[in-house]
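This report describes a two-chain protein model at the level of strands, cores and chain contacts. The sequence and the structure are shown first.

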Amino acid sequence: MSLEPTAPASAHLRNVDKFYGDFQALKNVTLDIPPGKVTCLIGPSGSGKSTLLRCINFLEEYDSGEVRIDDRLIGYETPGGRRMSGRRLREMRRDIGMVFQQFNLWPHMTALQNVAEGLERVRGLKRAEATERAREALAKVGLADKEANHPSRLSGGQQQRVAIARAIAMQPRIMLFDEPTSALDPELVGEVLAVMKQLAAEGMTMVVVTHEMGFAAHVADRVVFMERGELVAAGAPREIFQNPADQRLASFLQGYRERNSLDF
Amino acid sequence: MLEMLHRYGPDLLTGFGLTLLTWMLGTAGGLVLGFLLEMARRFGPRFWVGWPIRAYVEFIRGTPFLVQLFVLYYGGPLIGLRLDALPAGVLGLSLYGAAYFTEILRAGFDAVPKGQIEAARAIGLPGRTIVWRIMLPVMMVSALPALVNFAIILTKETVILSMITVPEIMFQTQTMMSETFEFVLPILILALFFWGFVEVISRFGRRLERRFTHYLLEES
């Protein structure tokens, strides 16, 4: 009943810069995230992928440029202007789900409570309603039988699926994944990717920072390659993986293939 | 001996009650004030709030409780703060406890994994909810033993209130000693009283700890 898909949102970055002191983490990045599509961000570590992703929900405060969800600017009242109020920022964040590398479940709450917390305290649902919707979300990620477990009693893959359930229960219009499988044992990666594929098939707007080239090649609609804070190449997976036009992209993929000795 | 107990028993009991009362009020006041100070320091402007709080903490930690109490009780009237012995004692304990409690809370809040707070912000939880629903329960696992420990230390600091004539148990015991010239029995009673008192708090503390850490211990 209640977990109906919502209208997917788009996101738009225009000339975004981000500095950490003297270090420039993002250099004039412009990128459009189309609605209902899967965009994968790839590149070496330290290339700015996660920073870019975190600018989309303003967990990272970009220094100049614009980040918009649909056409609403996030983080600032006007481009380059004052910070937007906490209330308005929270309101925008409700529509943006986020999944972290380290899961970041709240350890003192059961799986069910983790998922229901935002429904009750952000969406304002009644306890019973929140519980019901949380159960639906857990069922969707295949964890209906684990609702009473605390995170310490769940495997990494299960924790990450609870984290995904926590995000989708809020009925976001766009989902951000920050290396969602990088902290997992190899045999647990598949169950998380399966859930993400299912979400993609339902038409969720997804932005995924990943080192899983197989996932990027087969599930992404668009792949974006970054290096040293710059957006170097973007295109359909076929273009990116099979005919890399850019030299840096080609050598990044070459290195990946050599490490993993596989073709895609 | 029985006669002595008969004569001083009621006074000792009253003193005992007053010690309990000052400890409870002082600890509660210290915890509340300590928490407020930590919130102000964490979320307030660093210059106007952070530095004064730090100076306060350093002053309290750097001077004996007896001195602070004298400053409050005898120095207070100079700035129009005229307090009876009991309220001055309770306030003094609270101010003293707050400095230590706020440091324990600071360390506890600092130890909450940043990612868990980011996850809460990403979902749109307001700051106050994040503090109460996420940060406090998570940090209690590490902070509670230290909080209980300091609450126990405070039980024994209450005897200092006898110096400003609060008729708590130390005061009563001293009265008894000076009137009877009997020293061993009164001081033994006093020691036993504190030991029992602290034992009760310890047990209560361990139960609280189990409540906050149950999820780390639960069986599959």
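In this predicted model, strand β4 (residues 64–69) of chain A runs antiparallel to strand β5 (residues 72–73) of chain A, to which 2 bridges join it. Strands here are DSSP runs (E, at least two residues) and helices are DSSP runs (H or I, at least four residues), both numbered from the N terminus; two strands pair if DSSP finds at least two bridges between them. The two strands β4(A) and β5(A) form a hairpin with 2 residues between them, and A:D70 in the turn has a positive phi of about 50 degrees.

Strand β4(A) is also joined to strand β1 (residues 11–20) of chain A, by 5 bridges, and this pair runs antiparallel. Some of the bridge partners are listed below.

| Residue | Partner | Strand of the partner |
|---|---|---|
| A:H12 | A:R68 | β4(A) |
| A:A11 | A:I69 | β4(A) |
| A:R68 | A:L73 | β5(A) |

A:R68 thus stands opposite A:H12 and is also the bridge partner of A:L73. The open sheet has 4 strands in the order β2-β1-β4-β5 (chain A), with antiparallel pairing. Strands β2 (23–33) and β5 of chain A stand at the edges; each has a single partner strand, so one side of each is left without a neighbour in the sheet.

Residues are numbered from 1 along each chain as its sequence is written, and chains are lettered from A and ligands numbered from 1 in the order in which they are written. Local features need pLDDT of at least 70 and side-chain atom pairs count only at pLDDT 80 or more, while totals for chains, interfaces and linings use all residues; side-chain values use heavy atoms, with hydrogens and water left out.

The largest nonpolar core (buried Ala, Val, Leu, Ile, Met, Phe, Trp, Tyr and Cys residues joined through side-chain atoms within 4.5 Å) holds 146 residues, of which A:I42, A:I164, A:M175 and A:M206 touch the most other members. Helix α6 (residues 127–157) of chain B gives the most to this core, with 16 residues. Beyond four places in sequence, the residues that A:I164 touches (contact means heavy atoms within 4.5 Å) include A:V99, A:F177 and A:L199. A second, separate core of 5 residues includes B:M4, B:L12, B:M176 and B:L185.

B:F65 lies in helix α3 (residues 65–75) of chain B. With a relative accessible area of 4%, B:F65 is buried (under 20%; exposed is over 50%, partly exposed in between, with a 1.4 Å probe and protein chains only). Leaving aside neighbours within four places in sequence, B:F65 is in contact with B:G92, B:L93, B:Y96, B:E157, B:I160 and B:L161. The C-alpha atoms of B:F65 and B:L161 are 9.7 Å apart, although 96 residues separate them in sequence.

The contact between the chains takes 24 residues from chain A and 21 residues from chain B. About 2,200 Å² is buried between them, 60% of it given by carbon and sulfur atoms; buried area is the accessible area (1.4 Å probe) that two parts lose on being put together, summed over both. A:W106, A:H108 and A:R153 supply 26% of the area that chain A buries against chain B, more than any other three residues. The interface has 2 salt bridges (a side-chain nitrogen of Lys or Arg within 4 Å of a carboxyl oxygen of Asp or Glu). B:R133 and A:E117 meet in a salt bridge at 2.8 Å, N to O.
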